[in-house]
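Colleague: Could you walk me through one part of this model up close? Take it slowly, please, since I'm new to this.

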Amino acid sequence: RKDLFEGLTIGQLEKEWNVHPVLHLDLNAEKYDSPEGLYAILDRYLKMWEDRWGRGDGESTPAGRFFDVIRRACEQTGRGVVVLVDEYDKPLLQALGKDNALLEDFRDTLKAFYGVLKSADRYLRFVFLTGVTKFSQISVFSDLNQLNDISMDYNYATLCGITLEELKENFQPEITQLAAINGVTTDDILTKMTALYDGYHFHPRGEGMFNPFSVLSCFSKLEYGNYWFHTGTPTFLVELLKKSDFDIRELID
């Protein structure tokens, strides 16, 4: 889809624009209250991929079938496979602090499943995993030690979010409209939005980032609100804080 990148730097940097097989796994839309819940969603995706790339007779485990799909997709296309995983930690979070046996079961299943990404390295072009927590390498990623965690890298500090310059450059009509409705200047709007929606930092020396969801919601509704907080609260963190002696005021600068 070269057309999606016209006018952007990547449009000039990429020369070949090869098509690669893509395996996209989204673990977000499921309730994980039993081992069968995780197996069901893995099985659903595996069947979908196997319908496209075929299935061998020798493998029955999710990890084994995953390896076979990656291998076949690469061999059939002659190109490395791209694997994208959304919310890799969702099953673990739902069991964390509630059911240790279930947590251990999920951990073992996902450790074997994600471990395939190391043994299938020769068939892979690119792998990208996202989640809201960072589990240590002794858990699900102990077999996948070639991962590069870019969550807090300086080079990627402005990847997720909107910088102040991007806000001023791309949303001038929206800023002007919001200012007119509130009877203030555009500078006042930027000051207010900075106080409410800025401050996300992905590196100690990184630029502050505006929350995209809150910014777009503010422009859409033409009023301020705690939009991102209302979309969902990391309840496992709240529960951990309740059980600890940590003074939450230490988080306030």
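**A pocket and the sheet**

Modeller: Let's start with the second largest pocket, whose volume is about 450 Å³. Keep in mind that this is a predicted model, so local features need pLDDT of at least 70 and side-chain atom pairs 80 or more, while totals for chains, interfaces and linings use all residues. Numbering starts from 1 along each chain, and side-chain values use heavy atoms, without hydrogens or water.

A pocket here is an open set of points on a 1 Å grid where a 1.4 Å probe fits, with protein on both sides within 12 Å along at least five of seven lines. Its volume is the space filled by probe spheres on those points, joined across faces, edges and corners.

So who lines it, meaning who has an atom within 4 Å of a point? Going along the chain, you meet Arg1, Leu4, Phe5, Ile10, Glu14, Glu16, Trp17, Asn18, Val19 and His20, and then Arg125. By class, five of the lining residues are nonpolar, two polar and four charged (Asp, Glu, Lys or Arg).

Arg125 takes us to the sheet, as this lining residue falls within strand S3 (124-129). Strands are DSSP E runs of at least two residues, and two of them pair if DSSP finds at least two bridges. The open sheet has three parallel strands, ordered S1-S2-S3. S1 (22-26) and S3 sit at the edges with a single partner strand each, so one side of each has no neighbour in the sheet. Between S1 and S2 (residues 81-86) there are five bridges, and His24 has Leu84 in S2 as its bridge partner.

Conventions:
Helix = DSSP H or I, 4+ residues; strand = E, 2+ residues; numbered from the N terminus.
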